[in-house]
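Please open the model in a viewer and keep the selection panel at hand. The tour below proceeds from one selection to the next.

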Amino acid sequence: MASEKIDFSGSTGQKLAARLDLPVDSPCAFALFVHCFTCGKDIFAASRIAQALTGHGIAVLRFDFTGLGASEGEFANTNFSSNLEDLLAATNHLRSAYRAPSLLIGHSLGGAAVLAAASQIPEVRGVVTIGAPSDPSHVVAQFSTHVKDIERDGEAEVKLAGRPFRIKRQFLEDVAEHRLLEKIAQLDKPLMVMHSPKDHTVPLNNATHILASARHPKSFISLDDADHLLTRRSDALYVADIIAAWGKRYLGDDVAV
């Protein structure tokens, strides 16, 4: 496996940091992995799943959204809409420099993002969500005690996973405008929803709502006792193996399982 550090221009023209994990031989397909809210491309779930997928012949691009990780920009000026624009910018980079992604994988809020953006990427042949919310406004629950302060003062500093982030009123307004279930109902792509019944960050009923709205073909995979961030290596590897086996039907017989 080879791993390359690359960058490309994001939604605001600033540089986004990315990593492309490549199989030993020529890739049979390219995937785009979209990380969770306030996480980054190098979180255990993203790196382990991406590296494991290369063993199945799939190249994976993972990147930091604007203002996160090694990417430029201010997180406070971003929102769900800008995340979608960053996602499409990553797609365009893959399309021009390598090959457009035929597989979208989104973790947590990244799962909501791939569901919202998939219809704008004609080359996509499969969409996978991992612990995804059925409504992007679900993330507001992570800083609900600060919402009144944000609405009154226009912004506030909140702690997420022990780190400080500045959230502005525009973030709340933007995330409330998205109607994700409507987009899911119109999604004309094979979908696999992966979720743990023990997920305390994004409850399992979110997966139920996604599946109820989606058209066939659609699949559900229970992640049993995995936590939301897939911190156990065995859970991340299991996810990668299932994605490869499921993807073989839609990506072609060259996918190794």
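The lining of the largest cavity comprises 8 nonpolar and 7 polar residues, with no charged ones; the model inspected here is predicted. Select Phe37, Thr38, Phe65, Asn83 and Leu109, which are the closest to the centre of this cavity among its 15 lining residues. The enclosed space amounts to about 110 Å³. Next, display helix H3 (residues 109-117), the element that gives the most to this lining, with 3 residues.

The structure holds 2 cavities of 30 Å³ or more. For the second largest, with about 30 Å³ of space, select Ile130, Gly131, His195, Ser196, Asp199, Leu223, Asp227, His228 and Leu230, which line it. This lining divides into 3 nonpolar, 4 polar and 2 charged residues.

Now turn to the strands. They include an open sheet of 8 strands with mixed pairing, in the order S1-S2-S4-S3-S5-S6-S9-S10. At its edges are strand S1 (2-9) and strand S10 (218-222), each of which pairs on one side only. Neighbouring strands of this sheet are turned by 20 degrees against each other on average, direction ignored.

Select strand S9 (residues 191-195) together with S10: the two pair in the parallel sense over 5 bridges. Within this pair, leucine 191 stands opposite lysine 218 in S10. Add helix H7 (residues 205-213), which packs on the sheet and touches S9 and S10, its direction making about 170 degrees with that of S9.

Finally, select helix H8 (residues 233-251). Helix H8 lies across strands S3, S4, S5, S6, S9 and S10, and runs at about 170 degrees to S9.

Methods. Residues numbered from 1 in each chain as written. Predicted model: local features only at pLDDT ≥ 70, side-chain atom pairs only at ≥ 80, totals over all residues. Heavy atoms only, no water. Pairing = 2+ DSSP bridges. Helix = DSSP H or I, 4+ residues; strand = E, 2+ residues; numbered from the N terminus. Axes fitted to C-alpha atoms, helices over the stretch in contact; angles between N-to-C directions. Contact = heavy atoms within 4.5 Å. 1 Å grid on protein atoms, 1.4 Å probe; cavity = no way out; pocket = protein on both sides within 12 Å on 5 of 7 lines; lining within 4 Å. Points joined across faces, edges and corners; volume = space filled by probe spheres on them. Nonpolar A, V, L, I, M, F, W, Y, C, P; charged D, E, K, R; others polar.
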